[in-house]
Structure formats: structure tokens, C-alpha cells
Amino acid sequence: MSTVPAERTDSAAPVLSMRGVSKHFGAVAALTDIDLDVYSGEVVALVGDNGAGKSTLVKILSGVHPQDAGTVTFDGKDVSIHSPVDALNLGIATVFQDLALCDNLTVVDNLFLGREIGALRLNEVEMEVQSWKLLRQLSAKIPSVRVAVASLSGGQRQTVAIARSLLGSPKLIILDEPTAALGVAQTAEVLNLVERLRENGLAVIMISHNMQDVKAVSDRVAVLRLGRNNGTFRMKEVTTDELIAAITGATDNVVTQRAAQSGSAARQAQAPGGAGAPASADAAEEGNGK
Ligand SMILES: Nc1ncnc2c1ncn2[C@@H]1O[C@H](COP(=O)(O)OP(=O)(O)O)[C@@H](O)[C@H]1O
Ligand SMILES: [Mg+2]
């Protein structure tokens, strides 16, 4: 069986629970009836093809878009997330793909941008001390906190962006494609960082296209396809092929396309000019039930 149920049975409640969450953009159903649970101290990979709804889901959790339907429970309470500030106040931090760092500013300045310590005067010493503390906690390899972010590698920039999101003491951190632009060594560095986040008891949602990265750090993986749940798997129990099948929908296709082909070929032979589409739809439905 390709779809291994991966509901956790721990007594602890998930820190995040989404139930029946839907979102339309005009006529486009970006998300339909999505369920998702994430526990503290685990990394859940969120995967799916382009247009599957990953970014929309993240935007609902980070207060960019309101959902049309469904509920979000966070830290035991039903919540409405109306703005990015709401999300941060709840303890949901998102590191978007563009990182939103200021290249010309130093690491310290980026970390504390908008929340400088010291009411009127910045306490530079204290900010630097806290920066190092934070980066050490992440075992981050940053040469100096007084260099401009522009001079850092892609992995180091990702590290700074993640460190910054930790300053609000979030319970859930969402990383959108954290390794997409990185080489092998930098990817390893960022994946180590993701493991530190888990060790620190955070719940992590990591969006990724890279199955190797997903397999390396995730405890569970949630697959979205065409805006719907298409399986949640425990990483230890799923193969890369099974994951890719869930992402592409190949689980139905490989088996049922063949059935559909032979079915429609047979119908066409009986009734020349007959449409193949109904045969495919029938076969796909039979296939899905298996
Ligand atoms: N702001 C928007 N306006 C209209 N359609 C959108 C918007 N954002 C996303 N969509 C549509 O919603 C669907 C899901 O998109 P998205 O969440 O970006 O998927 P993913 O991140 O998995 O690639 C797509 O069909 C996309 O075109
Ligand atoms: Mg996206």
C-alpha cells in the first residue's frame, strides 16, 4: 500500500491543528478541506507540485490571507489569524523564500531591525551579545555579526533569517524552500539548523522540492495535490518513489491510465468515434479506491 497513515498517537496535543481549511481566489480553489497537524519538536515537510497550494497554506498561517472555511487551532486555542502581527503574537514565525533581509546592514542590525533593544538609544553591546547567543544556540557558522549581510553565503543568510524569526520566541516556525538556492555544503548547514530548531522543541513546517532534504530532516511529510491533502507519511515508512507518486498523482495514473487505455481502446473498437474520456474517469475512480 502506498499511502501509509501517519497520524501520530502521542498523548500530547499538536501545537497546530488545521481542519477543513479552504481558500478560493475567485474561481480558483487554491485549498480545499485541508487537515494538518504539527507537534512540538517535530519537522513536518510540506510538499507538492507547483500550484498545489503550499504557499497559500503558509500565507493563511502567517496572516497574509484569511481562510474561507475551516478552523485553525494553535497551542490549544481556536485562533483567527488576521494579520502577520497576529501570527507573530501567537508564536507562528515564517521565513519566506526572499528572506527579507537588508543586504547593506550588518547581521546584528538585521536581527534586531524593528525591535532594537533600549527604548531610545540602541544598546549595541547587548544586541551583539544576544546575537551571538542566538547564533550559538543554532550552532550557526557566521564569521562576525558586524559584517554586512551582503557578504555572507546563501546558507549564512538563511541562518540569519531563521535566527531573526526566533527572536519572538515562536512555537512554530515555517520555512519556505530554505535550501532552494543553496549548494551542497550550505544545504547541509541549513539542514543542521533545522535539526537544532527541532532539538529546541519547536514545531517546524518546511516546504521543499528536494526529496533528499525532505528525507534528511523530516519526521513526517504532508503531501498537497491540486489544493487537497494527498497523504501524510511518516518519513521512516515511505520511499521516495511513493512520495513522488503522491505528489504527481502517479499512484492512480500508472495503474489506471493503463486500465483506461485498454478500456477506452476496447470501447472504441466496439463503437468507433466513442469518447475515451468517460472510460478514463471510470477507471481512475476504480483505481483510487484501491
Ligand atoms: N493571490 C492569488 N490570486 C489568485 N490565485 C492565486 C493566488 N495565490 C495563489 N493562487 C492560485 O492558487 C493555487 C495554489 O497556489 P500556491 O499556493 O502558490 O501553490 P504552491 O505554493 O504549492 O506552488 C494556484 O492555482 C495559484 O495560481
Ligand atoms: Mg509556492
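This is a walk through one protein chain and the ligand that sits with it, starting with how far the coordinates can be trusted.

The model is predicted. Across the protein chain the mean pLDDT is 82, and 80% of the residues reach 70 or more. The extremes are worth knowing before you zoom in: confidence is highest in strand S1 (residues 16-25), at a mean of 98, and lowest in helix H10 (residues 277-288), at 37. Over residues 254-260 the pLDDT is below 50, and this stretch has 11 contacts beyond near neighbours in sequence. Residues 263-290 also stay under 50, and for them the model has 23 contacts beyond four places in sequence. Where pLDDT is low, the predicted coordinates should not be read in detail.

With that in mind, let us look at the overall layout. The protein chain has 10 helices and 10 strands. Of its 290 residues, 39% are buried. If you take the contacts with a separation of 6 or more, residues 24 or more positions apart account for 67% of them.

A good place to begin is the open sheet of four strands, which has the order S2-S1-S4-S5 and antiparallel pairing. Its edges are strand S2 (28-38) and strand S5 (77-79), each of which pairs on one side only. From one strand to the next, the twist averages 30°. At the S5 end, three bridges join S5 to strand S4 (residues 69-74), and these two run antiparallel. If you want a specific pair to find on screen, Phe74 has Lys77 in S5 as its bridge partner.

Now move to the helix that meets this sheet. Helix H1 (residues 54-61) lies across S1 and S2, and runs at about 65° to S2. Both H1 and S2 matter for the next stop, the ligand: each supplies at least two residues of the shell around ligand 1. Which element gives the most to that shell? H1 does, with three residues. The surroundings of ligand 1 consist of Phe25, Val28, Ala30, Gly48, Asn50, Gly51, Ala52, Gly53, Lys54, Ser55 and Thr56.

From there, follow the chain's contacts to Arg225, a residue of strand S9 (residues 220-225). Leaving aside neighbours within four places in sequence, Arg225 is in contact with Gly48, Asp49, Ala52, Asn230, Ile247 and Gly249. Two of these names, Gly48 and Ala52, are also among the residues around ligand 1. Arg225 and Leu31 are 194 residues apart in sequence, yet 9.4 Å apart in space, C-alpha to C-alpha. Is Arg225 buried or partly exposed? Arg225 counts as partly exposed because 19 other C-beta atoms lie within 10 Å, and a buried residue needs 20 or more.

A second pairing takes us to strand S6 (residues 92-95). Ile92 and Thr94 point one way from S6, Ala93 and Val95 point the other way, and all are buried. Four bridges join S6 to strand S7 (residues 172-176), and these strands run parallel. Here Val95 stands opposite Leu175 in S7.

Strand S7 also leads into the nonpolar interior. The largest nonpolar core has 69 residues, and those that touch the most other members are Leu46, Leu172, Val194, Val204, Met206 and Val221. Take Leu172 as a guide: beyond its neighbours within four places in sequence, Leu172 is in contact with Val15, Leu16, Val38, Gly91, Ile92, Leu202, Ala203 and Ile205.

Key:
Residues are numbered from 1 along each chain as its sequence is written. Chains are lettered from A and ligands numbered from 1 in the order in which they are written. This is a predicted model: local features need pLDDT of at least 70, side-chain atom pairs count only at pLDDT 80 or more; totals for chains, interfaces and linings use all residues. A nonpolar core is a set of buried Ala, Val, Leu, Ile, Met, Phe, Trp, Tyr and Cys residues joined through C-beta atoms within 7 Å. A residue is buried if 20 or more other C-beta atoms lie within 10 Å of its own, exposed if 12 or fewer, and partly exposed in between; C-beta atoms are placed from the backbone. Two residues are in contact if their C-beta atoms, placed from the backbone, lie within 7 Å. pLDDT is the predictor's confidence in each residue, from 0 to 100. Two strands pair if DSSP finds at least two bridges between them. Axes are lines fitted to C-alpha atoms, for helices over the stretch in contact, and angles run from 0 to 180 degrees between N-to-C directions. A residue is near a molecule or strand if its C-beta atom, placed from the backbone, lies within 6 Å of it.
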